Amino acid sequence: MKLHSCQNCWFNGLQYGALGIAVGYCSRHKKILNVADGTSCGLHLRKDLSVSRAKEVSEIHKKHYNSDCVVRLLDGVCYEADISNNEKDKNHLRTDTVAEVVVDYGEIGSTIESLAQLRAMPGARAELAMLSLGRGYIANCVSRNGKWTSGLHLYWWSRRRLAEIPEIKVEDLRSVGATQLSRQSDLTSWSLVMLRLTFIDDIAGYASQQNDPLGKVHSLTEQAALALDSFNLRTLSKWLKTEAAPQLDARLSHARYADLANKFHTEREGDEVQQAAPADTYS
Amino acid sequence: MISKKKWKVSKDPLFRGDAKDAVNVPNPKADGSIVRHVMYFEGPGRETPYLSVSEEYDLAEKFSNGAVWQTLVKTVKAESVGYISQSELLSLMKGNGKGMAKWPNPFEVMQARRYVEQWGEHLLDFRETKDPISTTKKIFSKS
């Protein structure tokens, strides 16, 4: 599980460590990743790090690998066998419900609609895809001078399931590693909850840059790491309920969420009317 | 259900996936942070005084660039190379880490701890090794 490979990249919503299916899918290159543990590219952003650290590490990474194509880690060369852009392969991949949304992400409907579809799906793999692609979605919105509230609904969906421990089914696992199956399942579940917290940290970070009270919440991933010294899911769930959730709710209650969502919706409608105006003038 | 056999320090080999021709040569003078090493922040070509090895052949193969090598803890120690067991690594990687696993970001310490457990990782420590080129040749054989 090489940490700088496609399996550990934001843009691959189908795999993360042991979690996922046999192939990955790159939402940037729009390619099926046949050997996601052995490939990478210069656009790589690590799932297992905070946004600031992922960007720091990415600066080093892009000196080694080309951004234009998916290359093999061993020699930096792009091999046709490592990827597929074939419609027949993509259609086969679409027979998996999570993969269908991931493959069509940014192609059919809006990206936030795809993320909403993933949110509504049960299972750890759907959450993985939502969190992984969601990190890229918000980073992209904010980098274009967007507001942190572009991720407001995504934040709220994650807050609502904050203390739920994801169930990892046998078919969700790509490998058992050096552990027994049940332990691998627990560690994988833990890694997904940490990805959830990383996602919330990302949003809190953007909120902090824009002086929103949510930004006052200190990194939940760091707090969790200091508070929990074993990978015990029951202890983790308790900590999430009693320590993490109250901090978030103190800064963003349901009433405030509803208020921000309404404001964001009104602003977007206003933007859309403004963007449509020149076209109307021409017609 | 057949359970996995417990790895034994006295007799079981440790595996390393690496290049076909030789094992990567560690740099005894490089930064000795264990978390930096496990988390692979600097990527390919990074300087490290450690070599990661795994209890599991299959896992070592996943990190391989052409070959899987193996060694024994007693062989490593006979060449005065340090050995940090998986259990020691796990005990060092709590909170902000202890000893050479001390690290400013506790989340990264925790992630490294999870990887050490999932990969069955142990470390060979070359910080006190005078001639790492010949030592790596002596202690590893192809698996």
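# Burial, strands and helices in a predicted model

Me: How many other C-beta atoms lie within 10 Å of B:Tyr40?
Reply: A residue is called buried if 20 or more other C-beta atoms, placed from the backbone, lie within 10 Å of its own, exposed if 12 or fewer, and partly exposed in between. B:Tyr40 falls in the partly exposed class because the number of other C-beta atoms within 10 Å is 19.

Me: What kind of model is this?
Reply: Residues are numbered from 1 along each chain as its sequence is written, while chains are lettered from A and ligands numbered from 1 in the order in which they are written. Local features need pLDDT of at least 70, side-chain atom pairs count only at pLDDT 80 or more, and totals for chains, interfaces and linings use all residues, since the model is predicted.

Me: Which residue follows α5(A) with a positive phi, and is that residue buried or exposed?
Reply: Helices (H or I, at least four residues) and strands (E, at least two) are DSSP runs, numbered from the N terminus. In helix α5 (residues 124-143) of chain A, 16 of the 20 residues are buried, and the loop between α5 and α6 (152-160) of chain A holds A:Asn145, whose phi is near 65 degrees although the residue is not glycine. Because A:Asn145 has 6 C-beta neighbours inside 10 Å, this residue counts as exposed.

Me: On which residue is the kink in α9(A) centred?
Reply: Helix α9 (residues 233-251) of chain A has 19 residues, which at 1.5 Å times one less than that number should span 27 Å, and its end C-alpha atoms are 26 Å apart, in agreement. The buried residues of α9(A), including A:Leu236 and A:Ala244, pack against α7 and α8 (220-227) of chain A. The kink, a bend taken as the angle between axes fitted to the seven residues ending at a residue and the seven starting there, is about 40 degrees and is centred on A:Leu240.

Me: Which helix gives the largest share of the largest nonpolar core?
Reply: A nonpolar core is a set of buried Ala, Val, Leu, Ile, Met, Phe, Trp, Tyr and Cys residues joined through C-beta atoms within 7 Å. The largest one has 108 residues, of which A:Leu33, A:Val102, A:Ala129 and A:Ile203 touch the most other members. With 13 residues, the largest share of this core comes from chain A's helix α7 (residues 181-209).

Me: Which strands stand at the edges of the open sheet in chain A?
Reply: Two strands pair if DSSP finds at least two bridges between them, and here 3 strands follow the order β3-β4-β7 with antiparallel pairing. Each edge strand has a single partner, so one side of each is left without a neighbour in the sheet, and these strands are β3 (24-26) and β7 (83-84).

Me: Which residue of β5(B) is the bridge partner of B:Ser52?
Reply: Strand β5 (residues 121-125) of chain B has 4 of its 5 residues buried, so the rest of the structure largely encloses this strand. β5(B) pairs with strand β2 (residues 50-54) of chain B in the antiparallel sense over 5 bridges, and 3 bridges join β5(B) to strand β4 (residues 82-84), also antiparallel. On the β2 side, the bridge partner of B:Ser52 is B:Leu123.

Technical notes:
Two residues are in contact if their C-beta atoms, placed from the backbone, lie within 7 Å.
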